[in-house]
Amino acid sequence: YYNAGCRKGQILHARLRLNCSGLNEHLFQKKNIVLSSLCICGQVESSKHYLLECHNYRLIRAQTISTLPIYNVQTLVSGSELISDEENEYIFKVVQRFILETGRFGP
């Protein structure tokens with residue numbers, strides 16, 4: 001299921017999984033590229049915040065991630081051994097759709 005979805009979605013999703021994405025928390029803690037780990041909404045811009053909490057993406061989240069029966073951050077970024085490969089693949093495709101539709105990491 002790590003190979004599910006389009007190539008760009010796979011890359012962006014893997015970066016979230018590896019904590020080396022363009023999210024401010026990753027850029028601040030790992031690379032010291034930005035001055036703050038905060039999102040434009042004022043909260044720490046972590047994977048969990050981006051995928052599940054940030055109000056800037058609530059509409060896209062309602063159409064994607066919130067439709068999933070299981071959506072904790074660990075399952076969203078890494079999958080789960082407790083569910084089938086088919087379910088993991090579906091979750092990954094939904095997460096990648098969310099990532100691409102938010103445009104957070106560029107066009």
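Colleague: What links Tyr50, Tyr57, Phe98 and Phe105 into a cluster?

Modeller: Ring pairs do that. A pair here means that ring centres of Phe, Tyr or Trp (its six-membered ring) lie within 6.5 Å; planes under 30 degrees apart are stacked, over 60 edge-to-face, and the rest tilted. This is a predicted model, so local features need pLDDT of at least 70 and side-chain atom pairs pLDDT 80 or more, while totals for chains, interfaces and linings use all residues. Residues are numbered from 1 along each chain as its sequence is written, and side-chain values use heavy atoms, with hydrogens and water left out.

Colleague: How many aromatic pairs does the whole structure hold, and what makes Tyr50 and Phe105 one of them?

Modeller: The search finds seven. The Tyr50 and Phe105 centres are 5.5 Å apart, which is within the 6.5 Å limit. Their planes meet at 70°, over the 60 degrees set for edge-to-face, so that is the name they get.

Colleague: Where along the chain do these two residues sit?

Modeller: Tyr50 belongs to helix α3 (residues 47–53), and Phe105 to the segment after α6 (85–102), 55 residues apart. Helices are DSSP runs of H or I with at least four residues, strands are E runs with at least two, and both are numbered from the N terminus.

Colleague: Are Tyr50 and Phe105 buried or exposed?

Modeller: Buried means under 20% relative accessible area, exposed over 50%, and partly exposed in between (1.4 Å probe, protein chains only). Tyr50 has 1%, so Tyr50 is buried. Phe105 has 21%, so Phe105 is partly exposed.

Colleague: Why do Tyr57 and Phe98 form an aromatic pair?

Modeller: Their centres lie 6.3 Å apart and their planes 80°, so both cut-offs for an edge-to-face pair are met. This pair also links distant parts of the chain: Tyr57 is in the loop between α3 and α4 (58–63), Phe98 in helix α6, 41 residues apart.

Colleague: Why is Tyr57 called buried, and why Phe98?

Modeller: Tyr57 has 13% relative accessibility, so Tyr57 counts as buried. Phe98 has 0%, so Phe98 is buried too.

Colleague: How many helices and strands does the chain have?

Modeller: There are six helices and zero strands.

Colleague: How do you know whether the radius of gyration of the chain agrees with that of a compact globule?

Modeller: The globule rule is 2.2 Å times the number of residues to the power 0.38, and the radius is taken over C-alpha atoms. For 107 residues a compact globule would be near 13 Å; the chain has 13 Å, so the two agree. Also, buried residues make up 40% of the 107.
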